[in-house]
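Trainee: Could we go through this model together? I should like to start with the terms and then move to the details.
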Amino acid sequence: MAKPLNIGLIGYGFMGRTHSNAYKRVNDFFDLQYRPTLKAVCGRDAEKVGEFASQWQYESVETDWKALINRDDIDAIDICTPNNMHAEIAIAAAKAGKMVLCEKPLSMDVEEGERMVAAVAEAGVANTVWYNYRRVPAVTLAKQLVDEGRLGRIFHYRAQFLQDWTIDAALPQGGAALWRLDAGAAGSGVTGDLLAHCIDTAIWLNGSIQDVTAMTETFVKERMHNLTGQVEKVGIDDACAFLCHFENGSLGLFESTRYARGHKALYTFEINGEHGSLRWDLHDLHRLEYFDHREESIIRGWHDVHVTDGDMPYMDKWWVPGLQIGYEHTFVHQVADFLEDLAAGRPTSPTFAEALETQKVCQAVLESAEKTAWTFV
Ligand code: SOE
């Protein structure tokens, strides 16, 4: 009989739904020693948070996050708020002895992130950051192939995250669904929102990044602000591209934008090594492309690996070979790993400390773009 782990969720937007779904599904598919219980959800709007609670079957509602973290019946706080609330909530939750699961990016900047890392270390509480794409089975398989040395020495790492949802200059900034456009709430634009995913995966697959040179652009300079009703300067980066050196000597090339018409969430990466290459694409997330130069020349070519077999990462928990899974399962996998690690007394990657490394790269990227100079991480 699995032991209950009482969850207190703060924030109930898009990420609140992905996480709630994961908590509800995880024990149906994974054999675990803990079972998340949807104990309470917290949001400032009592009516809206009440509707969310009844839709997702949370047992109770809070409108003040401080009341939630002080409740004795909550074991873990899950932070799904805009980024400018992450640090204050995470630090208070750790001090109250709660485990903390925080939506990406870790923080607004490195200074905040360092305080968050110190708080969870001092409290000795379990912590993790939801960089969910690591747990797409095809991406986890890429990690396995790289770690097995199949690509040999790595020369190039290339990643893109392309969207097109902010091209309309009439789109306002700020408020519920549009806080990602408001620098005060988000910290940055595509760098913290989209490139952070690419950087997290890159560090995981290819090791640390040493230095960067970047450029950013804000195509729409002013937008109506939903909270003030005024037209205000836009402080976020709409697009960002950077080059970098990895510690292993390979070269990195990263690009992200919300102005690539036709692309909704095109996250792709490619790694080129001495013996082979790997390529992955979020729009076709259950496939991993693999090229091995050591194959006999007459059959050498790109393999399109359909990552659905039971011996591939996480896939023994789902259906039968050939039947694929999707986006929401990456969050289920993260909860499953968190609960397994908790039972084993292990940290769950990325921990706050690991996610701080991504934060440092994001900060170096933004600084480099500002100074138009190579910047050390
Ligand atoms: C932005 O549109 C966004 O929702 C990000 O915030 C998520 O982290 C990303 O996975 C999809 O795009």
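Mentor: Let us begin with a term: the bend at a residue is the angle between two fitted axes, one for the seven residues ending there and one for the seven starting there. Please keep in mind that this is a predicted model.

Trainee: Which residue is the kink in helix H8 centred on?
Mentor: The kink in H8, which covers residues 190-206, is centred on Ala196 and amounts to about 45°.

Trainee: Is H8 largely enclosed or exposed?
Mentor: H8 is largely enclosed by the rest of the structure, because 17 of its 17 residues are buried. A residue is called buried if 20 or more other C-beta atoms lie within 10 Å of its own.

Trainee: What comes just after H8?
Mentor: Gly207 does, and this glycine takes a positive phi of about 90°.

Trainee: Where do positive phi values appear in residues other than glycine?
Mentor: Gln57 is one of these, with a phi of about 65°. It lies in the loop between helix H2 (46-56) and strand E3 (60-62). Thr372 is another, with phi near 45°, and is found in the loop between H10 and strand E17 (375-376).

Trainee: Are those two buried or exposed?
Mentor: Gln57 counts as exposed because it has 9 C-beta neighbours inside 10 Å. Thr372 has 10 such neighbours inside 10 Å, so it counts as exposed as well.

Trainee: Changing topic, how is the protein divided into domains?
Mentor: Domain 1 spans 3-132 and domain 2 spans 134-376. Their centres, taken over C-alpha atoms, are separated by 23 Å. The contact takes 38 residues from domain 1 and 38 residues from domain 2.

Trainee: Which elements supply the side of domain 1 that touches domain 2?
Mentor: Helix H1 (14-29), strand E2 (34-42), helix H5 (110-123) and strand E6 (127-130) each supply at least two residues. H1 gives the largest share, eight residues.

Trainee: And how many residues on that side are nonpolar?
Mentor: On the side of domain 1 that touches domain 2, 22 residues are nonpolar, 12 are polar and four are charged.

Trainee: What is the crossing of H1 and H9 like?
Mentor: The axes of H1 and helix H9 (residues 328-344) come within 8 Å and cross at roughly 65°. The crossing is right-handed.

Trainee: Which residues make that contact?
Mentor: From H1, the residues include Thr18, His19, Ala22, Tyr23, Val26 and Phe29. From H9, they include Phe331, Val332, Val335, Ala336 and Leu339. The residues of this contact divide into nine nonpolar, four polar and two charged.

Trainee: What about the loop leading to H9, where Gly322 sits?
Mentor: Gly322 is in the loop between strand E16 (302-306) and H9. It counts as exposed because it has 8 C-beta neighbours inside 10 Å. Gly322 and Ala336 are 14 residues apart along the chain, and their C-alpha atoms are separated by 23 Å.

Trainee: One last topic: where are cis peptide bonds found?
Mentor: One joins Lys104 and Pro105, with omega about -15°. Pro105 is in the loop between strand E5 (99-103) and H5. Another joins Ser349 and Pro350, with omega about -5°. Pro350 lies in the loop between H9 and helix H10 (352-371).

Note on methods. Residues numbered from 1 in each chain as written. Predicted model: local features only at pLDDT ≥ 70, side-chain atom pairs only at ≥ 80, totals over all residues. Domains from an automatic or database assignment. Contact = placed C-beta atoms within 7 Å. Helix = DSSP H or I, 4+ residues; strand = E, 2+ residues; numbered from the N terminus. Nonpolar A, V, L, I, M, F, W, Y, C, P; charged D, E, K, R; others polar. Axes fitted to C-alpha atoms, helices over the stretch in contact; angles between N-to-C directions. Left-handed = near helix turned anticlockwise from the far one by under 90°. Buried ≥ 20, exposed ≤ 12 C-beta atoms within 10 Å, placed from the backbone.
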